[in-house]
Each structure stands twice: as structure tokens, then as C-alpha cells.
Amino acid sequence: MDHTDHHASWGTAARATLHCLTGCAVGEILGMVIGTALAWGNAPTMVLAIALAFLFGYSFTLFSVVRSGLDLKSAVKVALAADTVSIAVMELVDNGIIALTPGAMDAHLSDGLFWGALLGGLAVAFVLTTPVNKWMIGRGKGHAVAHAHH
């Protein structure tokens, strides 16, 4: 199936990225909150946040394609194909911003810096991941794989 041109609109890419951002944000925020609340170090907190971002990101796609009638094994393959690059780019950008923001990794849950760096990083990640998703959808990859099952 040819997914070039009309399936690769900026609107389609933005919606795919927003879908990915939702799962990533849930996992990322949950991981950062848990790690910070438990006074874990920076590395274990980031590992937890990234792992949960992938888990929630994949889960959102997985549930939607299973609801469309796909069996679990096939749905897992679709979720991996649809979301891996998008989640990886989003997590790289978001965690890079958090790590490079002075004091953000040492901020507490009650600090505006904690939330500003986390939410700001997610916003920048959305902006930088949307063109990646547009490019991939235009080639029948990424979220185009999941859209075939909706």
C-alpha cells in the first residue's frame, strides 16, 4: 500500500506524535515521580522513566489494535513497528533536556524546576518528533502500520 503524500500530512503526523506523547508522558512522569519520591539517584530514576515511557507508549497502541480485532502476537508486532522510533526520539530529546537543564535532576517534586524541565522537555520532544513521524508515515512506516488496523 502506498502511504506517500496524503497520508503524510502534518496533521496526521501531529496526531500520531500526540498519541505517542500521551503514552510517553504518562510513563515518563510516573517514572520521574516514583524515582524522585523514593530519593533514587539520577540514573535509576531515568531508567525507570524511560522503561515506563516505552511500556505505556506501546500499551496505548497495543490496546487500540487489539480492540480492532488483531490477535495479541500480531498486535505486539504492530505496536513495536509503529512506536519504537517515535518513542526513542521522544525519550532521547526529553531526557536530554532534563539532564542538561541545570538543577533539574536534583529538583524535588514540589519544585517548579522539576515540572518545568519535565514538561518543557516533552513539549520540545513533540516538536522534534513530529517531522520524524511525518517522514516515516510518508514511507508507510511508524504509525502508518498501526493506522492500517483502525
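Let's start at Tyr58, which is buried, with a relative accessible area of 19%. Keep in mind that this is a predicted model. Since buried means under 20% relative accessible area, Tyr58 meets that cut-off, whereas Phe54, at 21%, counts as partly exposed. Phe54 and Tyr58 both belong to helix H2, four residues apart, or about one turn of the helix. Their rings form a tilted aromatic pair, with 5.8 Å from centre to centre and 50 degrees between the planes.

The count of aromatic pairs comes to two, so let's visit Phe114 and Trp115 as well. The centres of these rings are 4.9 Å apart and their planes stand at 80 degrees, so this pair is edge-to-face. Here Phe114 is buried, at 6% relative accessibility, while Trp115 is partly exposed at 31%.

Another ring worth a look is that of Trp10. Lys134 lies over the face of Trp10, 5.1 Å from the ring centre.

Now for the nonpolar cores. The largest one has 19 residues, and Cys24, Val65 and Met90 are those with the most contacts inside it. Two or more residues each come from helix H1 (10-37), helix H2 (42-67), helix H3 (72-100) and helix H4 (112-137). H3 gives the largest share, seven residues. If you centre your view on Cys24, you will find that it touches Ala53, Gly57, Ile87, Met90 and Glu91, leaving aside residues up to four places away in sequence. There is also a second, separate core of 10 residues, with Ala104, Ala107, Ala117 and Leu118 among them.

Note on methods. Residues are numbered from 1 along each chain as its sequence is written. This is a predicted model: local features need pLDDT of at least 70, side-chain atom pairs count only at pLDDT 80 or more; totals for chains, interfaces and linings use all residues. Side-chain values use heavy atoms; hydrogens and water are left out. A nonpolar core is a set of buried Ala, Val, Leu, Ile, Met, Phe, Trp, Tyr and Cys residues joined through side-chain atoms within 4.5 Å. Buried means under 20% relative accessible area, exposed over 50%, partly exposed in between (1.4 Å probe, protein chains only). Contact means heavy atoms within 4.5 Å. Rings of Phe, Tyr and Trp (its six-membered ring) pair if their centres lie within 6.5 Å; planes under 30 degrees apart count as stacked, over 60 as edge-to-face and the rest as tilted. A charge sits over a ring if NZ of Lys or CZ of Arg is within 6 Å of the ring centre and within 35 degrees of the ring normal.
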